[in-house]
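The following exercises are to be worked with the sequence and the coordinates at hand. Each task is followed by a stepwise solution.

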Amino acid sequence: MRVLVAEDHERVADAVARGLRRTGLAVDVAADGDAALYKARVHPYDVVVLDRDLPRTHGDVVCRTLNEEQPATKILMLTAAGALDDMVEGLALGADDYLTKPFRFAELVARVDALGRRSGRVRPSVLTHGDLELDPGRRVATRDGVDLELSPKEFGVLQELLAADGQVVTTEALLERVWDENVDPFTNTVRMVLVTLRRKIGEPAVIETVRGAGYRI
């Protein structure tokens with residue numbers, strides 16, 4: 001999944017982004033409402049973790065706008081206001097879920113993961129190809145029952161290729177879905193990850209390079 005964390009407190013935003021990245025997600029950060037709307041219009045996010053009290057453009061406005069422009073994007077609203085009326089109001093604005101500060105990080109991750117499964121891209125709960133199996137929920141990938149022990153990026157690339165169901169996935173699409181906005185679009189990082197991923201998957205090889213187009217399983 002690709003996630004946007006819209007939070008004006010830098011330490012909170014950095015902590016949330018780092019934690020989500022450790023789970024294998026591609027995460028961008030916006031420090032105000034204007035930046036959040038701009039980035040959401042540039043990148044197709046699965047989930048937006050949205051602080052309600054954003055500067056410049058208020059989080060309520062961001063929520064309503066995203067709900068109108070990108071209904072497939074799921075919104076997890078964060079706020080220090082934990083009263084029932086505040087929660088009802090946040091959900092009425094179009095948020096898909098609501099979490100009060102302070103929160104437990106494990107709960108945040110679980111809620112983001114649940115919202116991601118409900119986003120616009122419908123996928124089976126377990127992706128398979130022959131004896132290759134990937135379970136996004138448990139973050140486990142196996143071949144012939146043996147754990148592949150993949151890095152977060154290797155797992156993300158394999159997930160995108162399996163989800164494409166035999167269709168070609170371009171390098172640009174992999175960068176868009178697995179990496180965040182800080183990646184150099186001219187880097188060879190995708191090729192390097194595929195080298196190690198192919199080695200870990202082993203023989204017979206299942207990832208095909210389609211010259212001039214991309215990769216497929």
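**Exercise 1: the nonpolar cores**

Task: identify the residues with the most contacts inside the largest nonpolar core, and the elements that contribute to this core.

Solution. The largest nonpolar core holds 26 residues, and those with the most contacts inside it are V157, L158, L161, L194, L197, I207 and I217. Such a core is a set of buried Ala, Val, Leu, Ile, Met, Phe, Trp, Tyr and Cys residues joined through side-chain atoms within 4.5 Å; buried means under 20% relative accessible area, with exposed over 50% and partly exposed in between (1.4 Å probe, protein chains only). Two or more residues each come from β7 (132–135), α6 (152–163), α7 (171–178) and α8 (189–201). These elements are DSSP runs numbered from the N terminus: helices are H or I of at least four residues, strands E of at least two. A second, separate core of 18 residues includes L54, V62, C63 and L93.

The model is predicted: local features need pLDDT of at least 70 and side-chain atom pairs pLDDT 80 or more, whereas totals for chains, interfaces and linings use all residues. Residues are numbered from 1 along each chain as its sequence is written, and side-chain values use heavy atoms, with hydrogens and water left out.

**Exercise 2: packing of α6 and α8**

Task: classify the packing of α6 and α8 by angle.

Solution. First, the two helices pack at about 80°, with their axes 10 Å apart; axes are lines fitted to C-alpha atoms, for helices over the stretch in contact, and angles run from 0 to 180 degrees between N-to-C directions. Second, α6 is therefore roughly perpendicular to α8, a class that spans 65 to 115 degrees. Third, the contact (heavy atoms within 4.5 Å) involves K153, E154, V157, L158 and L161 of α6 and V193, L194, T196, L197, K200 and I201 of α8.

**Exercise 3: the sheet**

Task: what is the strand order of the open sheet, and which strands lie at its edges?

Solution. The order of the five strands is β2-β1-β3-β4-β5, with parallel pairing; two strands pair if DSSP finds at least two bridges between them. The edge strands, β2 (26–30) and β5 (97–100), each pair on one side only. From one strand to the next, the twist averages 20°. Strand β1 (residues 2–6) is joined to β2 by five bridges, and R2 has A26 as its bridge partner in β2.

**Exercise 4: R52**

Task: is R52 buried or exposed?

Solution. R52 lies in the loop between β3 (47–51) and α3 (59–69). Its relative accessibility is 7%, so R52 counts as buried.

Notes. Angles under 35 degrees count as roughly parallel, over 145 as roughly antiparallel, 65 to 115 as roughly perpendicular and the rest as oblique.
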